Amino acid sequence: MPAIIFDFDGTLADTRRGILATAQEVLHRMGREPADEAALSATIGLPLRENFTRGAGLSGEDADRAVEIYREIFETIAIPTIDLFPGVEETVATLKERGLPMAVASSRGQRSLEILMQHTGLDRYIPLSLVFGVEAAARPKPAPDLIYVILGRLGAKPEETLVVGDTTFDIEMGRAAGCYTCGVSYGNQSADTLAGASPNYLLDDLRRLI
């Protein structure tokens with residue numbers, strides 16, 4: 001594959017604990033009961049507002065306010081808990097050495113995504129100019145729009161590109177764009193759930209990508 005596009009949360013970095021802790025603190029500050037963690041976890045990989053509408057049952061102005069509070073407190077609560085999954089740095093370093101263009105396609109906001117790329121050191125291997133948050137496309141995952149933006153930037157063809165992610169939203173996005181897809185089962189969704197989206201490949205360790 002001449003190009004590889006990675007999801008970030010649950011694929012490159014283990015952000016689940018930080019995301020859940022931040023979301024629950026938001027609800028606490030809003031005077032709401034804690035959300036079911038399984039319901040919140042199921043929305044990781046979607047745009048932030050949907051974490052609160054689908055995962056916590058908020059709507060309208062409440063959901064908008066939750067997003068504002070989340071963004072205000074995320075760096076303080078979540079970032080200290082976030083690290084790369086085992087084998088991720090080794091994998092992206094090897095792929096860079098081999099000259100494979102890599103990019104990131106995330107439902108996370110651009111500023112937050114760039115901060116986390118720097119926090120984890122991944123910006124040494126994937127330049128921030130090839131890191132794309134939810135604002136980069138008209139429609140979020142699982143729509144293919146973000147992949148089209150990245151393919152244009154890389155100058156790559158979809159049939160020569162592999163999209164790697166830990167959720168069915170990533171697999172559906174990549175497939176809709178005409179790319180090959182690879183699910184990773186160590187993130188936010190199980191191997192059985194990912195298999196339901198029919199990825200071309202399914203890995204339990206990113207090092208197997210090499």
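Two aromatic rings of Phe, Tyr or Trp are taken as a pair if their centres lie within 6.5 Å. In this predicted model, ring pairs of that kind link Phe52, Tyr70 and Phe74 into a cluster.

**Aromatic pairs**

By this rule the structure has three aromatic pairs. For Tyr70 and Phe74, the ring centres are 5.5 Å apart and the planes stand at 25°, and the pair therefore counts as stacked, since planes under 30 degrees apart are placed in that class. Tyr70 and Phe74 are four residues apart in helix H4, which means that about one helical turn separates them. Both Tyr70 and Phe74 are buried.

**Salt bridges**

The structure holds 14 salt bridges, and three of the pairs among them are set out here with the distance from N to O.

| Pair | Distance, N to O |
|---|---|
| Arg65 and Glu68 | 3.0 Å |
| Arg111 and Glu75 | 2.5 Å |
| Asp145 and Arg139 | 2.9 Å |

Helix H4, which spans residues 60-77, also contains Arg65 and Glu68, and because these two are three residues apart in that helix, about one helical turn lies between them. Arg65 is partly exposed, with a relative accessible area of 38%, and Glu68 is likewise partly exposed, its relative accessible area being 43%.

The side chains of Arg111 and Glu75 form a salt bridge in which the closest N and O atoms are 2.5 Å apart. This pair links distant parts of the chain, given that Arg111 lies in helix H6 (residues 110-120) and Glu75 in helix H4, with their positions 36 residues apart in the numbering. Arg111 is exposed, at a relative accessible area of 56%, whereas Glu75 is partly exposed, at 34%.

In the salt bridge between Asp145 and Arg139, the acidic partner, Asp145, counts as buried because its relative accessibility is 14%, which falls under the 20% cut-off. Arg139, with a relative accessibility of 48%, counts as partly exposed, a value that does not pass the 50% limit above which a residue is called exposed.

Beyond these individual pairs, salt bridges also join Asp7, Lys141 and Asp170 into a network.

**Helix H4 in both kinds of contact**

Helix H4 recurs in these contacts: the stacked rings of Tyr70 and Phe74 belong to this helix, the salt-bridged side chains of Arg65 and Glu68 are also in helix H4, and Glu75 of helix H4 is the partner through which Arg111 of helix H6 is linked to it.

Key:
Residues numbered from 1 in each chain as written. Predicted model: local features only at pLDDT ≥ 70, side-chain atom pairs only at ≥ 80, totals over all residues. Heavy atoms only, no water. Salt bridge = Lys/Arg side-chain N within 4 Å of Asp/Glu carboxyl O. Buried < 20%, exposed > 50% of the residue type's maximum accessible area, 1.4 Å probe, protein only. Phe/Tyr/Trp six-rings, centres within 6.5 Å; stacked < 30°, edge-to-face > 60°.
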